[in-house]
Every structure is written in C-alpha cells, then in structure tokens.
Amino acid sequence: MKEENKNCYNCRYYLRHYAKSKTRLAPLYEGHCIHDSRISKPKGRKQIISDCAFWETVKIQKEERKKSICAVLRDMEETLEVIKMILQSDREE
C-alpha cells in the first residue's frame, strides 16, 4: 500500500479556496489551515507544508462531509414529505 503524501492538500484541516466561474466553482491552488490559527490565510498563494504536526488524512474530512450531506438530505426529505401532505390536504378541501 502506497503511503499518503503528508502535505496540506491531503490534510483533513486544509480548506481549499475556489473561484466562481460562469457555471461552476473552480478549485484554486491556495487555501488555508482550519486547525491552527497561527497558520493563517496569507495574501496570495499559500506555501504548502509537508510533515505538519497537525496533519491528518483528508479521508476523515471526506467521510465527515459525506455524513453531513446525508443528514441534510434526510432532513430535506422529511420536510418535503410534510409539504407534500399539506399540498394534498389543500387540494382535497
């Protein structure tokens, strides 16, 4: 198994910046660390750090994001069901 490259791009705490395009968000080659306030967002391009003491695999971040999205979708589904019931009730009256 290949060892993961331990730099900012592959870190759980790296928040990548994006630019709005006409129809999508385009990833930029800059971002900042959301773990340590001493590593703040600089002006311009951020230096990528290797072997940071705070580094954790980005897989954790992706899994947390997936769980969060699933929870939001479940809440939306429940809300839509309530709206559907209200609309059906209004139509029957």
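**View 1. H17, a buried histidine in β1.** In this predicted model, H17 is buried, with a relative accessible area of 16%. That puts H17 in the buried class because the cut-off is under 20% relative accessible area. The residue belongs to strand β1, which covers residues 14–20. Look for its side-chain partner: a polar contact of 2.8 Å links the side chains of H17 and H32.

**View 2. The β1–β2 hairpin.** Here β1 is shown with strand β2, residues 25–33. The two strands run antiparallel and are joined by 6 bridges. To get your bearings, find R16, which stands opposite G31 in β2. The connection from β1 to β2 is a hairpin, and it goes through 4 residues.

**View 3. Y13, just ahead in the chain.** Y13 sits in the segment before β1. Is Y13 buried or exposed? Y13 is buried, with a relative accessible area of 14%, again under the 20% cut-off. Setting aside neighbours within four places in sequence, Y13 is in contact with H32, C33, I34, H35, F54 and E56. For one of these, I34, there's a backbone distance to go with the contact: the C-alpha atoms of Y13 and I34 are separated by 5.3 Å, although the two residues are 21 apart along the chain.

**View 4. The largest pocket and its lining.** The largest pocket has a volume of about 230 Å³. Which residues line the largest pocket? They are Y9, N10, C11, Y14, L15, R16, Y18, V58, Q61, K62 and R65. Both β1 and α1 (58–92) chip in, each supplying at least two residues of the lining. You've already met one of the lining residues, R16, as the residue standing opposite G31 in the hairpin view.

**View 5. Zooming out to the chain.** The chain has 1 helix and 2 strands, and from the N terminus on the elements run β-β-α. Buried residues make up 18% of the 93 residues; H17 and Y13 are among the buried ones. If you take contacts between residues at least 6 apart in sequence, 42% of them join residues at least 24 apart. As for the outside, the accessible surface of the chain comes to about 8,200 Å², with 54% of that belonging to carbon and sulfur atoms.

Note on methods. Residues are numbered from 1 along each chain as its sequence is written. This is a predicted model: local features need pLDDT of at least 70, side-chain atom pairs count only at pLDDT 80 or more; totals for chains, interfaces and linings use all residues. Side-chain values use heavy atoms; hydrogens and water are left out. Buried means under 20% relative accessible area, exposed over 50%, partly exposed in between (1.4 Å probe, protein chains only). A polar contact is a pair of N or O atoms within 3.5 Å; within protein, one must be able to donate a hydrogen and the other to accept it, and residues adjacent in sequence count only if both atoms are side-chain atoms. Two strands pair if DSSP finds at least two bridges between them. Contact means heavy atoms within 4.5 Å. Accessible areas come from the Shrake-Rupley method with a 1.4 Å probe; for residues, only the protein chains shown count as cover. On a 1 Å grid over the protein atoms alone, a cavity is a set of points where a 1.4 Å probe fits but cannot get out, and a pocket is an open set with protein on both sides within 12 Å along at least five of seven lines; lining residues have an atom within 4 Å of a point. Grid points are joined across faces, edges and corners, and a volume is the space filled by probe spheres set on the points.
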